[in-house]
Amino acid sequence: MKTSFAAAFAAPFALVLAVAAAPAQAADKNPVVAEVNGTKILQSDLANYQRSLPPQLAAQAPFEALQDMVVNNMLVAEQAKKEGLDKDPEVKQLYQQVLVKMWMNKHLKAEITPAAVKAAYDGYLANAKPEEEVRARHILTETEDQAKAVIAELKKGADFTETAKAKSKDPSAKQNGGDLGYFAQGEMVPQFSSAAFAMKVGDLSEAPVQSQFGWHVIKVEDRRQATPPTLEQATPAIREELAEKLAQKLVGDVRSKAKVTLYDREGNQGAKK
């Protein structure tokens, strides 16, 4: 699976997303819960920190524990500054990364709205072509001779499901009797997919079909037109696609306004901008 441009930004900053997603609180509902060397810690600071924790830990963390963790973090951060760690190149690099991630998240959140997702979904439905799906079962064997013997057995009246449970080397066959469910062209290995889509409902393989997994005996049980995913089902994929395109545009816009000079590995100035 390819790593998307947006994912390269999004994956490392779950903590940043959690903090950025925190709702603003009215002053009377956001009391001071601690004070460290004159700096006030608000209830919202604890809530933001809690969102950055792993879900199981966040759900179990009591108020007093969160309070201690936030206070301790502030104290350690202050001490780190006193020791000049904030000027360390590695710390500066991490700070830059946080700024980049916060900036990217801010723009992604502003642009990828429910309305934008719905518009993309409507566009997908308008352009989607009807796609056929096949439902099939298979029995997987090590050798062609074994597959031929299975076909002969099935033609004599053996039950496909029970034969799959007993003889298929596909581990899942013992539970599902070789049922692969519905699949579209291209979702299975080419040899298997081509054979299955060439068969009619109720057909059994006349000859074994070879793939990198072994030899298949196929039975087609149904054919249908694929049902488009609902908006809810499609939303995660649509949001990822929108984020990918927007992230590239945002960075491209920023770079187009900058003067960038690139050098080769030896420090010689190149011609690219």
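Buried here means under 20% relative accessible area, exposed over 50% and partly exposed in between, with a 1.4 Å probe and protein chains only. This is a predicted model, where local features need pLDDT of at least 70, side-chain atom pairs count only at pLDDT 80 or more, and totals for chains, interfaces and linings use all residues. Residues are numbered from 1 along each chain as its sequence is written, and side-chain values use heavy atoms, leaving out hydrogens and water.

**View 1. Ser193, tucked into helix H11.** Ser193 has 2% relative accessibility, so it counts as buried. Leaving aside residues up to four places away in sequence, Ser193 touches Ala184, Gln185, Gly186 and Met188 (contact: heavy atoms within 4.5 Å). Helices (H or I, at least four residues) and strands (E, at least two) are DSSP runs, numbered from the N terminus.

**View 2. The largest nonpolar core, with 12 residues.** Such a core is a set of buried Ala, Val, Leu, Ile, Met, Phe, Trp, Tyr and Cys residues joined through side-chain atoms within 4.5 Å. Among its members are Val134, Ala136, Phe183, Phe192 and Ile218. Strand E3 (132-141), helix H11 (190-197) and strand E6 (214-225) each chip in at least two residues, and H11 gives the largest share, four residues.

**View 3. Ala136 and its neighbours.** Not counting residues up to four places away in sequence, Ala136 touches nine-residue company that includes Gly178, Leu180, Phe183, Ile218 and Val220.**View 4. Helix H6 (residues 89-111) packing on helix H12 (residues 231-256).** The angle is about 125°, with axes 10 Å apart (axes are lines fitted to C-alpha atoms over the stretch in contact; angles run from 0 to 180 degrees between N-to-C directions). Trp103 and Leu108 of H6 and Leu246 and Val254 of H12 are among the contact residues.
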